[in-house]
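This briefing walks through one protein chain, topic by topic, for a reader who is meeting such a structure early in their studies. Please keep the sequence and the 3D view at hand while you read.

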Amino acid sequence: MNESKRDEKRLNSKENNNEVKFWLVGSSIVKDMNAKKIIRYQSAKITTLRDKTLKGAIEFLETGKLKADNIAYQVGSNDLDEKSAEEVVNDMKKLVLATQRLVPGSNIIINELLPRYYKNYKHTEDYEVKRLDCNALLEKLCTEFNLKFVRHRNLTQINFSDGIHLDVYAGIGMYVRNLKSIVSPLLGVVNPQYTESRQSNWRNQQHERHYTFNRNPWDNHHDHSSQWQDKFTNNNFNDYQQTSRRNSDMNLKLLRLALEGLHY
């Protein structure tokens, strides 16, 4: 009986003792990122999927190449262009279950879907409504399966080079800092000074946004989003919706001003 328990313990320790400590898998959003900027002294990899969808992520996982103690996904935005928020979350759930089955013992990290700024303002607005709903549901999924969820609410239009991909200078660094705030503690790397500085920057941004933009254009979309709020009415969901919509207020107003400027 004791030998059986020891064998089981050895097996479990091997399952969560891979050569690669951190692996980021994602769409073209991650293609310009440097793994060493995320983890300096431990082995890390970044993979840009050929099929940049949740289906592509599952196919890459099933090749057996993905073996790491901590696995992060940045995928789902391309799916959301064609599917509903609920369908995307269901596909993400399939990816999570497949990861738990094929890489048992690994920590799974889900990055929230990033905003997109299309030339067509209506397209941007419609996508943003779905994105907020989807991210709120993804956060609930992470809570249900005990996963880590990375928020990127501080990314705005100025952090993107073409409206979809992060700017090498203005966007990637901020994304990496958000990701490291979740990944570093998993790897035993804790920097209190960094955490305090990040929280201070977040408070300053919220203060500036509060006094710069007073009108909330998302009020017109209450009916559209209420179907999700009826299904998930806890405080975490509502807090996420309220904070994200305040940030989206700034993003969409900037885009509207930019598009109006093209007519002059």
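A residue is called buried when its relative accessible area is under 20%, exposed when that area is over 50%, and partly exposed in between. F60, with 15% relative accessibility, falls under the 20% cut-off and therefore counts as buried. The model described here is a predicted one, and the points below go from the chain as a whole to single residues.

**The chain as a whole**

- The protein chain contains 10 helices and five strands, and of its 264 residues 46% count as buried.
- Among the contacts in the protein chain with a separation of 6 or more, 73% are between residues that stand 24 or more positions apart.

**The nonpolar cores**

- The largest nonpolar core has 36 residues, and the members that touch the most other members are Y73, L95 and I110.
- Two or more residues of this core come from each of the elements β1 (22-26), α3 (54-61), β3 (70-74), α5 (85-102), β4 (107-111) and α6 (121-145).
- Another core, of 22 residues, lies apart from the largest one, and its members include L24, I38, I109 and V183.
- Once the neighbours within four places in sequence are left aside, I110 is in contact with Y73, M92, V96, C142, L147, K148, F149 and V150.
- One of these contact partners of I110 is C142, and C142 counts as buried, with 1% relative accessibility.

**Helix α5**

- Helix α5 has 18 residues and reaches 26 Å from its first C-alpha to its last, which is close to the 26 Å expected at 1.5 Å a residue.
- The buried residues in α5 include A85, V88, V89, D91, M92, L95, V96, A98 and T99.

**Aromatic pairs**

- How many aromatic pairs does a search of the whole structure find? The search finds three, and two of them are described here.
- W23 and F60 form an edge-to-face pair, with 6.2 Å from centre to centre and 65° between the planes.
- Because W23 lies in strand β1 and F60 in helix α3, this pair ties together parts of the chain that are 37 residues apart in sequence.
- W23 is buried, at 5% relative accessibility, and F60 is buried as well, at 15%.
- The rings of Y118 and Y127 have their centres 6.2 Å apart and their planes at 80°, and because planes over 60 degrees apart count as edge-to-face, this pair is edge-to-face too.
- Y118 is buried, with a relative accessible area of 14%, and Y127 is buried at 2% relative accessibility.

**R116, a charged residue that is buried**

- Is R116, which is found in the loop between β4 and α6, buried or exposed? R116 is buried, because its relative accessible area is 5%, under the 20% cut-off.
- The side chain of R116 makes a polar contact of 2.9 Å with the side chain of D81, and another of 3.1 Å with the side chain of Y118.
- Not counting residues up to four places away in sequence, R116 touches S77, N78, D81, T124, Y127, G163 and I164.
- Both rings of the edge-to-face pair Y118 and Y127 therefore belong to residues that meet R116, Y118 through the polar contact and Y127 through the contact named above.

**Two further loop residues**

- K31 has its place in the loop between β1 and α2 (35-38), and at 45% relative accessibility K31 counts as partly exposed.
- The side chains of K31 and D32 are joined by a polar contact of 3.2 Å, and K31 is also in contact with T48 and H165 when its neighbours within four places in sequence are left aside.
- Although K31 and H165 are 134 residues apart along the chain, their C-alpha atoms are separated by 9.3 Å.
- N146 lies in the loop between α6 and β5 (148-150), and N146 is exposed, with a relative accessible area of 72%.
- The phi angle of N146 is near 60°, a positive value in a residue other than glycine.

**Cysteines**

- A search of the whole structure for disulfides finds zero.
- C134 is buried at 0% relative accessibility, and C142 is buried at 1%.

Note on methods: Residues numbered from 1 in each chain as written. Predicted model: local features only at pLDDT ≥ 70, side-chain atom pairs only at ≥ 80, totals over all residues. Heavy atoms only, no water. Core = buried A, V, L, I, M, F, W, Y, C linked by side-chain atoms within 4.5 Å. Buried < 20%, exposed > 50% of the residue type's maximum accessible area, 1.4 Å probe, protein only. Helix = DSSP H or I, 4+ residues; strand = E, 2+ residues; numbered from the N terminus. Contact = heavy atoms within 4.5 Å. Phe/Tyr/Trp six-rings, centres within 6.5 Å; stacked < 30°, edge-to-face > 60°. Polar contact = N/O pair within 3.5 Å; in protein donor to acceptor, adjacent residues only side chain to side chain. Disulfide = S-S within 2.5 Å. Expected span 1.5 Å × (residues − 1).
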